[in-house]
Amino acid sequence: MPTLLSRNAPFRAMFRTDHSLHHKPESKQTKIIKLWLEIESKHCPPNSFKPLNVTCYARAKLIHWLMKVTKTFQHDREIFYLSVDILDRYLALSNTKMSELQLIGITCLFLAAKFESDDSCCVSDYSGMTADAFTSKDVIAMEIKILFALDWALQVPTPFLWLKLFLQSYFSDDIDIPNYSQYKLIQSSKVFKK
């Protein structure tokens, strides 16, 4: 799912380097932000993103169902965010049939779990979540189609990665964000709501 940051030109301008104006070396956070913005701009769907042959209602219903499946498997939110990103990028590139939408969704969740988690479930667990409408072979075949369509580029900056980076920048060296639990990370992010 593209973030607002990828379309925010003033935000990007903050991280451009004009060597005649700046003599300090770039910070680690600035380098990471530049890299993530570059990755995001390469891989996010266009501003006019509208899935081919898929209604907004069907997409919303699918994402709601994916959230329920994510909770059933007790996956982290990062897996859910990545699966939605993979889903949107695939839908933007492919001519999808409505009858395949659930298969595409569960396959995107399976791919995200394989990519992000050490203890992901087996493919039969995911195909079983479709009330056996699709087999494990169907999920694996769709996995291959998605990977080739996306040119194997699965990892993109998700909202959770941006939040971790901004919290780390905000708190400087006071806390160690990578070891922060998601609950504490969400609680800490409330600082920015004011």
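The paragraphs below lead through the helices, the salt bridges and the surface patches of this structure, which is a predicted model.

It helps to begin with the overall build of the protein chain, which has nine helices and zero strands. Read along the sequence, its pattern is therefore written α-α-α-α-α-α-α-α-α, where a helix is a run assigned by DSSP with at least four residues. The chain has 194 residues, and 40% of them count as buried, a word that here stands for a relative accessible area under 20%.

Two of the helices can be looked at in more detail, and helix H4, covering residues 77–93, is a good place to start. Helix H4 has 17 residues and reaches 25 Å from its first C-alpha to its last, which is close to the 24 Å expected at 1.5 Å a residue. Most of H4 is covered, with 13 of its 17 residues buried. Helix H5, which runs over residues 101–116, can be checked in the same manner: its 16 residues should span 22 Å at 1.5 Å a residue, and because its end C-alpha atoms are 22 Å apart, the two values agree. Since 12 of the 16 residues of H5 are buried, this helix is largely enclosed by the rest of the structure. Among the buried residues of H5 are Leu101, Leu103, Ile104, Cys108 and Phe110, as well as Gly105 and Thr107.

With these helices in mind, we can turn to the contacts between charged side chains, where a search of the whole structure finds three salt bridges. In one of them, the side chains of Asp88 and Arg59 meet with an N to O distance of 2.7 Å. This pair links distant parts of the chain, because Asp88 is in helix H4 while Arg59 is in helix H3 (residues 56–72), 29 residues apart. Both Asp88 and Arg59 are buried.

Another salt bridge joins the side chains of Asp85 and Arg89, again with 2.7 Å from N to O. Here both residues lie in helix H4, four residues apart, which is about one turn of the helix. Asp85 has a relative accessibility of 5% and so counts as buried, and Arg89, at 4%, counts as buried too.

There is also a salt bridge between Lys114 and Glu143, whose closest N and O atoms are 2.5 Å apart. Lys114 belongs to helix H5 and Glu143 to helix H7 (residues 136–149), so that this pair, 29 residues apart, links distant parts of the chain. Its two members differ in their surroundings, because Lys114 is partly exposed with a relative accessible area of 41%, whereas Glu143 is buried with a relative accessible area of 9%.

The surface itself can be considered last. A nonpolar surface patch of about 450 Å² is made by Ile140, Ile144, Phe148 and Trp152. Ile140 is found in helix H7, and with a relative accessible area of 38% this residue is partly exposed. Elsewhere in the description of the surface comes a patch of negative charge, in which Asp76, Glu116, Asp118 and Asp119 gather. Asp119 is found in the loop between helix H5 and helix H6 (123–128). Its relative accessible area is 63%, so Asp119 counts as exposed, a term that requires a value over 50%.

Terms used
Residues are numbered from 1 along each chain as its sequence is written. This is a predicted model: local features need pLDDT of at least 70, side-chain atom pairs count only at pLDDT 80 or more; totals for chains, interfaces and linings use all residues. Side-chain values use heavy atoms; hydrogens and water are left out. Patches are made of residues with over 30% relative accessible area and no salt bridge: like charges are joined within 9 Å, nonpolar side chains (Val, Leu, Ile, Met, Phe, Trp, Tyr) within 5 Å. Accessible areas come from the Shrake-Rupley method with a 1.4 Å probe; for residues, only the protein chains shown count as cover. A salt bridge is a side-chain nitrogen of Lys or Arg within 4 Å of a carboxyl oxygen of Asp or Glu. Lys and Arg count as positive and Asp and Glu as negative; His and the chain ends are not counted. The place of a charge is taken as NZ of Lys, CZ of Arg, CG of Asp or CD of Glu. Buried means under 20% relative accessible area, exposed over 50%, partly exposed in between (1.4 Å probe, protein chains only). The expected span of a helix is 1.5 Å times one less than its number of residues.
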